[in-house]
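Here is a friendly walk through one protein model, written for someone who likes to keep the structure open alongside the text. Have the viewer ready and follow along.

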Amino acid sequence: MKRLLAVLCAVLLVSTMAAPAMAAAPPPPQSDPFYSPPEGYESLAPGTVLRSREVGVSAFATLPQKVQAWQLLYRTNDALDHPQATVTTVLLPWGAKPSSSRPLLSYQVAEDSAAPQCAISYQLRQGAGNDNIVAQAEILLIDAAVQQGWAVSVPDYEGPKSAYVAGNQAGHATLDGIRAAQNFTPLGLNAQTSVGLWGYSGGALASGWAAEMQPSYAPELNIKGVAEGGLPVNPANVLKGANGGPFAGIAMSGIAGLSEAYPQLAEFLDANLTAEGKAALATAKTQCNSGNATTFAFKDLYKYFTIQDPLSQPVPQQVLADVTMGKAAPTAPLFIYHSVNDELVPSADTDQIVRDYCADGARVKYQRDLLSEHIILVATGAADALNWLKDRLSGKPAPSGCSTKTVLSSLLSPTAFLTFGSVLYHDLLALFGRPIG
């Protein structure tokens, strides 16, 4: 584990040593006309590309990545099924031509924020700054996917209102981002394209909701597999566990994000927050997850309320029930990986939803990891997830039924360790400007 942390530190050190002078910041989404949909877009089908532009992609807002990239503004639906437009960043390997046989991976980052400038489409732009450093670090896994020769879609699944934790919102935007990528001629994809989904933590929330919703919302998509790590099944349990601890800021971001998705919750908060609580909520809506993690660390969020137990009230209970997973069993094969000792997202919730999915006939490979916690498994679990997706997207069918395995560490298998090393090596080359793909 010490060796792993040393390598990760080296990656971050290289990113700062190799960084050119900071480019001028592009306008954030709330000030960029590209993000505003054209009049009448509501009548178009979900997944319709409304606008596109070629963009440069950078690691940590400073290191240009040699990859072909475009932003697509596309039609989708919000958490309440109202028409909405959001953006996905789509990528192809450097120099690759459009191809109808190329697989597509939809990669959902852990945006975990309730401010528009935290969206990954903006955070991948050179000069954007490092406000959302956690999401930006996932460029290493996005690059790893492009290195496989895949097309990649990286959606702003929280939408223009940054509706963090809103599951229906995330599921709609993820699935419609896949449709938009398939509709975008420069990628060369089509309705038969083999599709995979991948995400960890907040990104697993979006991937998991997309997997549950796909059979009814986007049944035409040819989804071969979904990899979900650190899966936040029950946001109420995450909030209760995080409150008062080092991750209280993540819970505060979640409250802020849900208030943007559910008007009744916004009204409840306005009626029941103290003056200090209203100021805290306003602050949470201007900061990315790292800023909120610092601002609200070890805060008791209940003290921002004029009532003793806000979660016992009808409106929060209704909203939290609406954003709890388990509404339907996915039909696409799943690879779920979770730390047994996860200090942010209870592993018991993931254990239970796997049992529920399997009882409903889902195909699930579930890997429980002992020598990790929530943050470490982002890195140590990635190789197994990537290898599983490679099998699915190369045409190897997933086994039927379900399997659950508890491992000492996800990195201990020879295939995972070799893949991890290969990804790090090629990521270092990408950080230094080597073409990706």
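C402 is partly exposed, because its relative accessible area is 38%. This is a predicted model, so please read every value below as computed from it. The partner of C402 is C358, and the two are joined by a disulfide with an S to S distance of 2.1 Å. C358 is partly exposed as well, with a relative accessible area of 25%. The torsion about their S-S bond is about -110°, so this disulfide is left-handed. It links distant parts of the chain: C358 lies in helix α13 (residues 347–359), C402 belongs to strand β12 (residues 402–407), and 44 residues separate them.

How many disulfides does a search of the whole structure find? The search finds 2. The other one is formed by C118 and C288, whose sulfur atoms are 2.1 Å apart. Here, too, distant parts of the chain are linked, with the two cysteines 170 residues apart. C118 is in the loop between β6 (104–108) and α2 (120–123), and C288 is in the loop between α10 (275–284) and α11 (289–295). Buried means under 20% relative accessible area, so C118 at 0% counts as buried. C288 is buried too, since its relative accessible area is 4%. With a torsion of about -105° about the S-S bond of C118 and C288, this disulfide is left-handed. Counting bonded cysteines along the chain, the pattern is 1-2, 3-4.

The table puts the two disulfides side by side.

| Disulfide | S to S distance | S-S torsion |
|---|---|---|
| C118 and C288 | 2.1 Å | about -105° |
| C358 and C402 | 2.1 Å | about -110° |

**The sheet**

Strand β12, the home of C402, also has a place in an open sheet of 10 strands. Their order is β1-β4-β5-β7-β6-β8-β9-β10-β11-β12, and the pairing is mixed. Which strands stand at the edges? They are β1 (49–54) and β12; each has a single partner strand, so one side of each is left without a neighbour in the sheet. On average, neighbouring strands are turned by 20° against each other, direction ignored.

Strand β7 (residues 151–155) is a good place to zoom in. It pairs with β6 in the parallel sense over 3 bridges, while its pairing with β5 is antiparallel and runs over 4 bridges. To find the β6 pairing in the viewer, look for L104 opposite A151 in β7, and for S106 opposite S153. For the β5 pairing, T88 stands opposite P155 in β7.

Is β7 mostly covered or mostly open? It is mostly covered, with 5 of its 5 residues buried. A151, S153 and P155 point one way from the strand, V152 and V154 point the other way, and all are buried.

**Helices on the sheet**

Two helices that pack on the sheet both touch β7. Helix α4 (residues 139–146) is in contact with β5 (83–92), β6, β7 and β8 (194–200), and its direction makes about 150° with that of β7. Helix α5 (residues 167–183) touches β1, β4 (68–77), β5, β6, β7, β8 and β9 (222–229). The direction of α5 makes about 125° with that of β4.

**A helix pair and the segment after it**

Two packed helices are described by the angle between their axes and the distance between the axes. Helix α15 (residues 382–393) and helix α16 (residues 414–431) pack at an angle of about 95°, with their axes 8 Å apart. That angle makes α15 roughly perpendicular to α16. Which residues of the two helices meet? From α15 come A383, D384, L386 and N387, and they meet T415, A416, T419, F420 and V423 in α16. By class, the contact has 5 nonpolar, 3 polar and 1 charged residues.

The segment after α16 holds G437. With a relative accessibility of 72%, G437 counts as exposed. Leaving aside residues up to four places away in sequence, G437 touches P93, V146 and Q147. G437 and V146 are 291 residues apart in sequence, yet their C-alpha atoms are 5.8 Å apart in space. V146 falls within the residue range of helix α4 (residues 139–146), so the viewer can take you from G437 back to the sheet by way of that helix.

Note on methods: Residues are numbered from 1 along each chain as its sequence is written. This is a predicted model: local features need pLDDT of at least 70, side-chain atom pairs count only at pLDDT 80 or more; totals for chains, interfaces and linings use all residues. Side-chain values use heavy atoms; hydrogens and water are left out. A disulfide is a pair of cysteine sulfur atoms within 2.5 Å. Buried means under 20% relative accessible area, exposed over 50%, partly exposed in between (1.4 Å probe, protein chains only). Two strands pair if DSSP finds at least two bridges between them. Axes are lines fitted to C-alpha atoms, for helices over the stretch in contact, and angles run from 0 to 180 degrees between N-to-C directions. Contact means heavy atoms within 4.5 Å. Angles under 35 degrees count as roughly parallel, over 145 as roughly antiparallel, 65 to 115 as roughly perpendicular and the rest as oblique. Ala, Val, Leu, Ile, Met, Phe, Trp, Tyr, Cys and Pro count as nonpolar, Asp, Glu, Lys and Arg as charged, and the others, Gly among them, as polar.
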